[in-house]
Amino acid sequence: MQPDTPNQTHMAEFVLLGFAEAHESRLFLFVLFLTIYLLTLVENLAIILVVGLDHRLHRPMYFFLTHLSCLEIGYTSVTVPKMLAGFLGVAGGQRISYAGCLSQLFIFTFLGATECLLLAAMAYDRYVAICLPLRYGALVSWGACGRLAAACWLGGLLTPTLPIYLMSRLTFCGPNVIDHFFCDASPLLALACSDVGPKETADLLVSLAVLLASSVAIAASYGRIVRSLLRLRAAAARRKAFSTCTAHLGVLSLFYGTLFFMYARTRVAPSVSFSKVVSVFYAIVTPMLNPLIYTLRNHEVKGALGRAFSCSSWKGR
C-alpha cells in the first residue's frame with residue numbers, strides 16, 4: 001500500500017496505520033478490541049433499555065446515565081469498527097477519505113466533549129442528592145435536567161467547530177499515512193504542509209476550556225461529597241459510600257488523565273506508539289468501564305436488571 005506522492009496540494013484519502021508495529025499480535029488485538037467493543041455495546045444498551053422500561057428508574061440520576069450510555073455507544077462506534085477492519089486487512093479497511101477523516105474527528109471530538117460536560121452534570125446531581133437532599137427536587141427538577149443535558153450536547157457540538165474549520169484550511173501535500181488508529185488531531189497535523197500554529201493554539205485553548213471546566217466542576221462536587229461523608233457516624237455506611245466514590249473517581253481519573261496527556265499540549269508526543277496506547281484508554285477502555293462503575297454498586301439498577309431477566313425467562317416459558 002503506497003502513500004500518495006508528495007506533489008499533491010490536497011489529499012484525496014489517508015491511510016490509517018493503526019497498530020502496524022504489532023503485526024504479529026494482530027489477531028489477538030482484533031479479538032481483544034472486538035470483545036471490548038461488544039461488551040461496551042451490550043452494557044450501554046442494557047442500561048438504556050432497563051432505565052426506559054422500569055418506571056422505578058425514571059429519576060434524574062438515571063436520566064443522565066442513559067445519556068452517558070448513548071454517548072459511549074457513539075463514541076466507540078465512530079472509531080472501533082474502522083480499526084477492526086484494518087486488523088482484518090479487508091479492502092479499504094485502512095483507507096479513509098479526506099472528508100471522512102475530518103468527519104470522524106468532528107464526531108469524536110463532539111461526543112468526547114459532550115461526555116466531559118455530562119460527567120460534570122452527573123457529579124453535580126450526586127452532590128445535590130447527598131449534600132442537599134431537602135433541596136434536590138427544586139435544584140434537580142426534570143426541567144433543570146433537560147436544560148443541563150441540552151447544554152452538554154450543545155457545548156459538545158460547538159467544541160470542534162473552530163478546530164475542524166482550521167483543520168480544513170490546512171494543506172496536506174506530503175505522505176498520507178496517519179500513524180494512528182483513527183483521525184486524531186496530532187497525527188493529522190504532523191502531515192500538514194502549511195502553518196499549523198493557529199490550529200495548535202486553538203486546539204489547546206478549546207481542550208483546556210472543556211477539560212478544566214468539567215474537571216474542576218467534578219472535583220468540587222466530589223470534594224463536597226467526601227466532606228459530607230466524613231460526617232457520617234455509621235462506619236458501615238461511610239465505608240460503602242467511600243467505596244462507591246473511589247470507584248467513580250478511579251475511572252474519572254483514568255479518563256481525564258489520558259485526555260489531559262493527549263490534548264493539553266501543543267506538540268505531537270515524542271512516542272507515537274505510547275500516544276496510541278494512551279488513546280486506547282480514553283477512546284475504548286473507559287466507555288466499557290463507565291457502565292460497570294456507575295451501576296455495579298447500584299442496587300436499584302441491579303434489581304431492575306434482575307426483574308427484566310426474570311420477566312424474560314418467565315415469558316420464554
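In the predicted model, the link between C101 and C183 is left-handed, with a value of -120 degrees about the S-S bond. The sulfur atoms of C101 and C183 lie 2.1 Å apart and form a disulfide. C101 belongs to helix α4, whereas C183 sits in the loop between β3 (177-178) and α8 (185-189), so the bond ties together parts of the chain that are 82 residues apart in sequence. Both ends of this link are shielded: C101 is buried, with a relative accessible area of 0%, and C183 is likewise buried, its relative accessible area being 0%.

The structure holds 2 disulfides, and the other joins C173 to C193 with an S to S distance of 1.9 Å. The link of C173 and C193 is also left-handed, at -130 degrees about the S-S bond. This pair, too, links distant parts of the chain, with C173 placed in the loop between α7 (161-168) and β3 and C193 in the loop between α8 and α9 (197-229), the two cysteines being 20 residues apart. C193 has a relative accessibility of 38% and therefore counts as partly exposed. When the bonded cysteines are counted along the chain, the disulfides follow the pattern 1-3, 2-4. Accessibility was also computed for two further cysteines, C70 and C152. C70, at 40% relative accessibility, counts as partly exposed, while C152, at 4%, counts as buried.

Helix α4 (residues 98-131), in which C101 lies, also packs with helix α2 (residues 60-77), the axes of the two helices coming within 10 Å and crossing at roughly 160 degrees. An angle over 145 degrees counts as roughly antiparallel, and α2 and α4 are therefore roughly antiparallel to each other. The crossing of α2 and α4 is left-handed. On the α2 side, the contact is made by P60, M61, F64, L65, H67, L68, L71, E72, G74 and Y75, which meet F108, L111, G112, T114, E115, L118, L119, A121, M122, D125 and R126 of α4. Sorted by class, the residues in this contact of α2 with α4 comprise 13 nonpolar, 4 polar and 4 charged.

A second helix pair is formed by α1 (residues 26-53) and helix α3 (residues 80-88), whose axes come within 9 Å and cross at roughly 155 degrees. This angle makes α1 roughly antiparallel to α3, and α1 passes α3 in a left-handed crossing. The residues of α1 that take part in the contact are R26, L29, F30, F33, L34 and Y37, and their counterparts in α3 are V80, P81, M83, L84, F87 and L88. By class, the contact of α1 with α3 has 11 nonpolar residues, no polar residues and 1 charged residue.

L27 is also located in helix α1. With a relative accessible area of 63%, L27 is exposed, since values over 50% fall in that class. The C-alpha atom of L27 is separated by 8.1 Å from that of L88, although these two residues stand 61 residues apart along the chain. L88 is itself one of the α3 residues that meet α1.

Key:
Residues are numbered from 1 along each chain as its sequence is written. This is a predicted model: local features need pLDDT of at least 70, side-chain atom pairs count only at pLDDT 80 or more; totals for chains, interfaces and linings use all residues. Side-chain values use heavy atoms; hydrogens and water are left out. Axes are lines fitted to C-alpha atoms, for helices over the stretch in contact, and angles run from 0 to 180 degrees between N-to-C directions. Helices (H or I, at least four residues) and strands (E, at least two) are DSSP runs, numbered from the N terminus. Angles under 35 degrees count as roughly parallel, over 145 as roughly antiparallel, 65 to 115 as roughly perpendicular and the rest as oblique. A crossing is left-handed if the near helix is turned anticlockwise from the far one by less than a right angle, and right-handed if clockwise. Contact means heavy atoms within 4.5 Å. Ala, Val, Leu, Ile, Met, Phe, Trp, Tyr, Cys and Pro count as nonpolar, Asp, Glu, Lys and Arg as charged, and the others, Gly among them, as polar. Buried means under 20% relative accessible area, exposed over 50%, partly exposed in between (1.4 Å probe, protein chains only). A disulfide is a pair of cysteine sulfur atoms within 2.5 Å.
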